[in-house]
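Visitor: Before we accept the labels placed on this fold, I would like to go through them one at a time. Please tell me what each label rests on.

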Amino acid sequence: MLKEVWEFFKNPLYHQEEYDTKTKTKFFLRLAFITVGFSLILGFLIEGITSLVGFSFENHAVIEMFEDYSVLMIFFFAVLLAPVLEELIFRAPLGLFKNSKHFKYAFYISVLFFGLIHIGNYESVEGYYWLVPVLVAPQISAGIFLGFIRTKLGLVWSILLHAAHNLVLIGPFIILKLLDIPFE
């Protein structure tokens, strides 16, 4: 499937597949595994790079969210609200370009903007502007996979993938917070 995503990324075309629910679910689960895997790998790489250059994650929005909100609110924001809103903003408009020769530009712009909007998770990147592409690499990667599933299976599936992605990535921290175990 990774090869299929790569081929899509090189030349994105809007083409919804007519799969049954069981096939869609298998497709979704395989893509979810790949998407989360990429985010984890990129996250570890970012941690190493930022440690080398002295960039601090102290004031990252996710850390602040865990300090300021209950587990229920974190779950609501990260696993329910953000996936729905972000998919409506960044992936839903792709349908407007499905029969257009400009679809690939719409796709690339949606991926780039999806990544760049997440720079707002950092209180400041002052002095580290060159690091921005590295910091948003997981979101850009996820945006590629979300756009891929959006065009193959539909918007609902991209929302579900986004929600699953966020749940898997913040789930362990939610458990630690529930158990009142510090994770900084």
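Visitor: Are Arg 91 and Glu 87 buried or exposed, and what makes their pairing a salt bridge?

Guide: In this predicted model, Arg 91 and Glu 87 are both buried, a word that is kept for residues under 20% relative accessible area. Their side chains meet with nitrogen and oxygen 2.7 Å apart, and because the cut-off for a salt bridge is 4 Å, the pair qualifies. The structure holds 2 salt bridges.

Visitor: How do you know that Lys 10 and Glu 7 form a salt bridge, and how exposed are Lys 10 and Glu 7?

Guide: Here the N to O distance is 3.3 Å, which is again within the 4 Å limit. Lys 10 has a relative accessible area of 46% and Glu 7 one of 38%, and since partly exposed covers the range between 20% and 50%, each of these two residues is given that label. Lys 10 and Glu 7 are 3 residues apart in helix H1, so about one helical turn separates them. In general, residues three or four places apart on an α-helix point the same way, because there are 3.6 residues a turn.

Visitor: Why is Ile 89 called exposed, while Ile 109 is called partly exposed?

Guide: Ile 89, in helix H4, has 53% relative accessibility, and because exposed begins over 50%, that label applies. Ile 109, in helix H5, has a value of 45%, which lies between the limits of 20% and 50%, and is therefore partly exposed.

Visitor: What makes the group that includes Tyr 69, Met 73 and Ile 89 a nonpolar patch on the surface?

Guide: Patch members must have over 30% relative accessible area, and nonpolar side chains are joined within 5 Å; Ile 89, at 53%, passes the first of these conditions. The patch also takes in Phe 75, Phe 76, Leu 80, Leu 81, Leu 85 and Leu 167, and its residues together have about 750 Å² of accessible area. Helix H4, residues 71–90, gives the largest share, 7 residues.

Visitor: Why is Thr 151 called buried, and which residues is it in contact with beyond its neighbours in sequence?

Guide: The relative accessibility of Thr 151 is 0%, and because buried means under 20%, the conclusion follows directly. Thr 151 lies in helix H7 and, leaving aside neighbours within four places in sequence, is in contact with Phe 8, Leu 13, Tyr 14, His 15, Gln 16 and Phe 103.

Visitor: Which residues touch the most other members of the largest nonpolar core, and where does the largest share of this core come from?

Guide: The core has 25 residues, among which Val 5, Phe 27, Leu 31, Phe 107, Ile 149 and Leu 161 touch the most other members. H1, H2, H5, H7 and H8 each supply at least two residues, with the largest share, 7 residues, coming from H7. A second, separate core has 9 residues, including Phe 66, Ile 74, Ala 78 and Val 79.

Visitor: How do you know that the span of H2 is close to the one expected, and which elements do its buried residues pack against?

Guide: H2 has 33 residues and reaches 47 Å from its first C-alpha to its last, against an expected 48 Å at 1.5 Å a residue. Its buried residues, among them Phe 27 and Leu 31, pack against H1, helix H6, H7 and H8.

Terms used: Residues are numbered from 1 along each chain as its sequence is written. This is a predicted model: local features need pLDDT of at least 70, side-chain atom pairs count only at pLDDT 80 or more; totals for chains, interfaces and linings use all residues. Side-chain values use heavy atoms; hydrogens and water are left out. Helices (H or I, at least four residues) and strands (E, at least two) are DSSP runs, numbered from the N terminus. Buried means under 20% relative accessible area, exposed over 50%, partly exposed in between (1.4 Å probe, protein chains only). Patches are made of residues with over 30% relative accessible area and no salt bridge: like charges are joined within 9 Å, nonpolar side chains (Val, Leu, Ile, Met, Phe, Trp, Tyr) within 5 Å. Accessible areas come from the Shrake-Rupley method with a 1.4 Å probe; for residues, only the protein chains shown count as cover. A nonpolar core is a set of buried Ala, Val, Leu, Ile, Met, Phe, Trp, Tyr and Cys residues joined through side-chain atoms within 4.5 Å. Contact means heavy atoms within 4.5 Å. The expected span of a helix is 1.5 Å times one less than its number of residues.
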